Amino acid sequence: MNPYNLEIELSKVKVEDLSVLPEVVRSRMNETYDALADIPMNSSLDRKPRKWFRGIVIAASLTLLLAIAVLASGFISPVMAESLKQIPIVNSVFKLAGDLGLKAADEKGLVSNVNLSDSHDGVTLSVPQIIYDGIRVSIALKGNTKLSGSMENLEILIDNKLLFPHKDEWGPIAGIVKKPGVDEYSGIMEFPDPSSQGMGASAFPDQFVLTLKTNMKGSKELFEIDIPVTKNTKDVKVYKPAMKRTHDNLTLTLDKVILTPITTGLNLTIDATSANIPMKYQPSLQWGSYIIHMGFSIIDDQGNELRGVGGSGNNNAKRDVTFEDIQVSPVLSTTKSITIKPFLYQRKDDGSGEAMVDSQGNMTEEYIKEMEMTVPISP
């Protein structure tokens with residue numbers, strides 16, 4: 001920033017109350033005071049070294065106090081204050097991991113800070129945070145070694161009942177997802193509530209013990225962490241609109257919309273039992289039955305697309321009914337409706353199921369206007 005702009009920018013800065021001075025600054029102030037108090041004013045030490053040492057401490061102290069004076073006088077923006085709070089240690093995986101819902105949950109105090117860990121042979125796996133909002137369970141993970149590629153034979157149990165067995169690091173089992181954390185030593189493990197997947201499964205209880213078992217590279221011992229989980233039911237709203245759209249002999253039904261401060265969840269059913277469905281809905285002829293590969297964009301009434309955070313799809317035994325569990329970021333407090341925009345990824349018509357791409361290598365999409373649904377909501 002050049003000197004001319006500096007004066008202009010400082011004039012724009014909002015003056016903040018001293019009470020919001022970041023804790024890290026207060027901590028440094030106290031440390032400085034303690035250091036000054038410990039300097040011997042009359043001792044048998046050689047005068048010259050002592051004066052030299054005192055000069056450094058006093059100079060540093062004056063510099064710090066000057067900085068504090070500037071901060072306290074109002075020359076600090078909310079963004080700078082938040083950054084200063086994070087200087088010592090960033091303890092929240094959720095806050096900085098890129099998931100808007102988890103970030104909001106952390107900021108609103110909705111996250112359970114459990115701070116549990118297990119260690120063997122110098123290797124430590126920690127679970128600092130967890131949250132369950134009735135739509136998804138999100139587990140923050142930290143390690144003293146890189147997490148990527150280090151977890152094997154993962155198992156998740158709910159009240160001692162096996163939920164997800166894995167034979168490799170994260171495994172191919174539908175529903176469980178690994179998301180990046182703040183750095184290579186952290187991550188987020190996530191899976192949906194069973195009831196959101198449209199297969200008649202019961203929801204998790206409001207309170208349960210989640211047991212995480214895994215092997216970690218660098219240790220032959222089994223890591224096991226028992227995590228108490230309580231469903232966060234604050235500001236949760238459920239809508240059952242039972243809206244339907246039929247097109248190309250397909251019927252799309254919106255069964256449920258769930259709004260939480262962390263996630264927007266949508267449950268849809270695609271009925272493809274008709275024998276007269278266009279082949280474009282079936283990516284591969286060799287599969288022998290309709291498996292609908294339909295995507296969905298969720299747009300709020302202000303034109304914002306809600307970012308996907310998870311979800312899954314399941315088929316019935318005949319593969320002609322698909323249950324879609326869509327999870328996107330939470331809606332804004334001002335949102336009055338959301339629109340579901342179904343689309344197909346366009347595929348070559350040679351029966352290979354190979355996707356068509358544009359000049360940038362992105363899969364091309366064909367939106368199905370006839371199946372769009374707009375759902376009024378009141379967050």
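Let us start where strands β1 and β2 meet: they pair in the antiparallel sense, and seven bridges join them. Within this part of the model, Asp118 stands opposite Leu125 of β2. Please keep in mind as we go along that this is a predicted model.

From that pair we can step out to the whole sheet. Five strands make up an open sheet, with antiparallel pairing, and their order is β1-β2-β3-β7-β6. The edges are held by β1 (112-120) and β6 (177-180); each has a single partner strand, so one side of each is left without a neighbour in the sheet. Going from one strand to the next, the twist averages 25°. As a general reminder, the strands of a sheet pair through backbone hydrogen bonds, in either a parallel or an antiparallel way.

Now turn to helix α5, which spans residues 100-107. Which of its residues are buried? They are Gly101, Leu102, Ala104 and Ala105. Viewed down the axis of α5, these buried residues fall within an arc of 160°, so they line one face of the helix. The general rule behind such a pattern is that an α-helix has 3.6 residues a turn, so residues three or four places apart point the same way. And what covers the buried residues of α5? The cover includes β2 (123-132), β3 (136-143) and β7 (186-192), and these three strands also belong to the five-stranded sheet we have just walked through.

Both ends of the helix deserve a look. Asp99 caps the N-terminal end of α5, with a side-chain oxygen 3.0 Å from the backbone nitrogen of Gly101. That Gly101 is also one of the buried residues of the helix. After α5 comes Gly109, which has a positive phi, near 75°.

Our next stop is strand β8, which covers residues 207-216. This strand is mostly covered, as seven of its 10 residues are buried. β8 has pairings with β4 and with β9. Strand β4 (residues 151-158) runs antiparallel to β8, and six bridges join the two; Met151, for instance, has Met216 of β8 as its bridge partner. With β9, the pairing is also antiparallel and extends over nine bridges, and here Phe208 has Val229 of β9 as its bridge partner. β8 and β9 form a hairpin with five residues between the strands, where Gly218 takes a positive phi near 105°.

Within β8, let us pause at Asn215. Is Asn215 buried or exposed? Its relative accessible area is 19%, and because buried means under 20%, Asn215 counts as buried. The side chain of Asn215 makes a polar contact with the side chain of Asn153, at 3.2 Å. Setting aside neighbours within four places in sequence, Asn215 is in contact with Ser150, Met151, Glu152, Asn153, Lys220, Glu221 and Leu222.

Finally, a word on confidence. The mean pLDDT of the protein is 76, and 68% of the residues reach 70 or more. Where is confidence highest, and where is it lowest? Strand β9 (residues 222-230) has the highest, at 97, while helix α1 (residues 3-12) has the lowest, at a mean of 36. Over residues 1-25 the pLDDT is below 50, and this stretch has 32 contacts in the model beyond near neighbours in sequence. Residues 80-90 are likewise below 50, with 16 contacts in the model beyond near neighbours in sequence.

Technical notes
Residues are numbered from 1 along each chain as its sequence is written. This is a predicted model: local features need pLDDT of at least 70, side-chain atom pairs count only at pLDDT 80 or more; totals for chains, interfaces and linings use all residues. Side-chain values use heavy atoms; hydrogens and water are left out. Buried means under 20% relative accessible area, exposed over 50%, partly exposed in between (1.4 Å probe, protein chains only). Helices (H or I, at least four residues) and strands (E, at least two) are DSSP runs, numbered from the N terminus. The arc is that of the directions from the helix axis to the C-beta atoms. Contact means heavy atoms within 4.5 Å. A polar contact is a pair of N or O atoms within 3.5 Å; within protein, one must be able to donate a hydrogen and the other to accept it, and residues adjacent in sequence count only if both atoms are side-chain atoms. pLDDT is the predictor's confidence in each residue, from 0 to 100. Two strands pair if DSSP finds at least two bridges between them. Axes are lines fitted to C-alpha atoms, for helices over the stretch in contact, and angles run from 0 to 180 degrees between N-to-C directions.
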